[in-house]
Amino acid sequence: KDNAYKEVIENIRSMIKDPIAKLISTEVSIKLREYTAKEIISEVEKLTSTSDKLYLIAHWASNNKKLDGAEHVLEYALKLAVSTTDYAPNARVYKDLSMQLPFIEDAESLKRLMGFFDGQKVNLEKYGPTEDYIALQLNLARTEAKIDMKSACNRIIDLYFYITQITDITIQTTCLSQLLSELDTIDPSKE
């Protein structure tokens, strides 16, 4: 049954020539069924635009939780993001990608992925959007708490001081509320 579904979808998608329509059909296809990590990468590789590839993976990552092999999809996306010169993903894309991090169990994979995200910190902080940058840092802190609580606490403290320097009061208030609402998730034992 699953193979028949895949075959029908693939036949329909092979007839689509318009790149925007193909992107939409890929997105709908990904939403309609649960893809494995390998299948996600395979579907994304059929697209030609780096921004389309990253958009789809980020959208998938923010809408699906606890997928086995998510670390492979994230590593693929992060390598794609840093190796391209025709597209510079912003904090929103990285935030969406980071949504899978807290569900990854392998500590070595988490450390490697955290390194990718942290390697983009300066640019993401600079170009924002600010609220998405804060949400990304909170996802990273939640993930980091699984492997090193002290580092997660330091990230939260740095983030707090960063937020206090935001001059737009509306953005600052939004970011402070994001921080406060995540504290229980990051450290439920309140240590």
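The accessible surface of the protein comes to about 10,600 Å², and carbon and sulfur atoms account for 55% of that area. The model is a predicted one. Of the 191 residues in the protein, 44% are buried. The fold is built from 11 helices and 0 strands, so that the order of elements from the N terminus is α-α-α-α-α-α-α-α-α-α-α. Among contacts with a separation of 6 or more, 66% join residues 24 or more positions apart.

Helix α5 is a useful place to start. Its 14 residues, 70-83, should span 20 Å at 1.5 Å a residue, and the end C-alpha atoms are 20 Å apart, which agrees. Because 10 of the 14 residues of α5 are buried, this helix is largely enclosed by the rest of the structure. The buried set includes the nonpolar residues V73, L74, L78 and L80, as well as E71, E75 and Y76. The buried residues of α5 pack against four helices: α3 (37-45), α4 (50-63), α6 (91-98) and α7 (107-119).

Charged pairs come next. The structure holds 10 salt bridges. In general, side chains of opposite charge can pair when their charged atoms come close. Within α7, K111 forms a salt bridge with E108, with the closest N and O atoms 3.8 Å apart. K111 and E108 are 3 residues apart in this helix, and therefore separated by about one helical turn. An α-helix has 3.6 residues a turn, so residues three or four places apart point the same way. K111 has 48% relative accessibility and counts as partly exposed.

A second pair links two helices. R155 and E144 meet through their side chains in a salt bridge, at 2.8 Å from N to O. R155 lies in helix α10 and E144 in helix α9 (residues 130-147), so the pair ties together parts that are 11 residues apart in sequence. Both partners fall under the 20% limit for a buried residue: R155 has a relative accessibility of 9%, and E144 has a relative accessible area of 13%. Elsewhere, R92, K95, D96 and D132 are joined into one network by salt bridges that share partners. Within this network, the side chains of D96 and K95 meet at 3.3 Å, N to O, and both residues are buried.

Helix α10, residues 149-164, also holds I157. Together with Y160 and F161, I157 forms a nonpolar patch on the surface, with about 310 Å² of accessible area in total. I157 itself is partly exposed, at a relative accessible area of 43%.

Terms used
Residues numbered from 1 in each chain as written. Predicted model: local features only at pLDDT ≥ 70, side-chain atom pairs only at ≥ 80, totals over all residues. Heavy atoms only, no water. Buried < 20%, exposed > 50% of the residue type's maximum accessible area, 1.4 Å probe, protein only. Contact = heavy atoms within 4.5 Å. Areas by Shrake-Rupley, 256 points an atom, 1.4 Å probe, with all protein chains shown as cover. Expected span 1.5 Å × (residues − 1). Patch = residues over 30% accessible without salt bridge, like charges linked within 9 Å, V, L, I, M, F, W, Y side chains within 5 Å. Salt bridge = Lys/Arg side-chain N within 4 Å of Asp/Glu carboxyl O.
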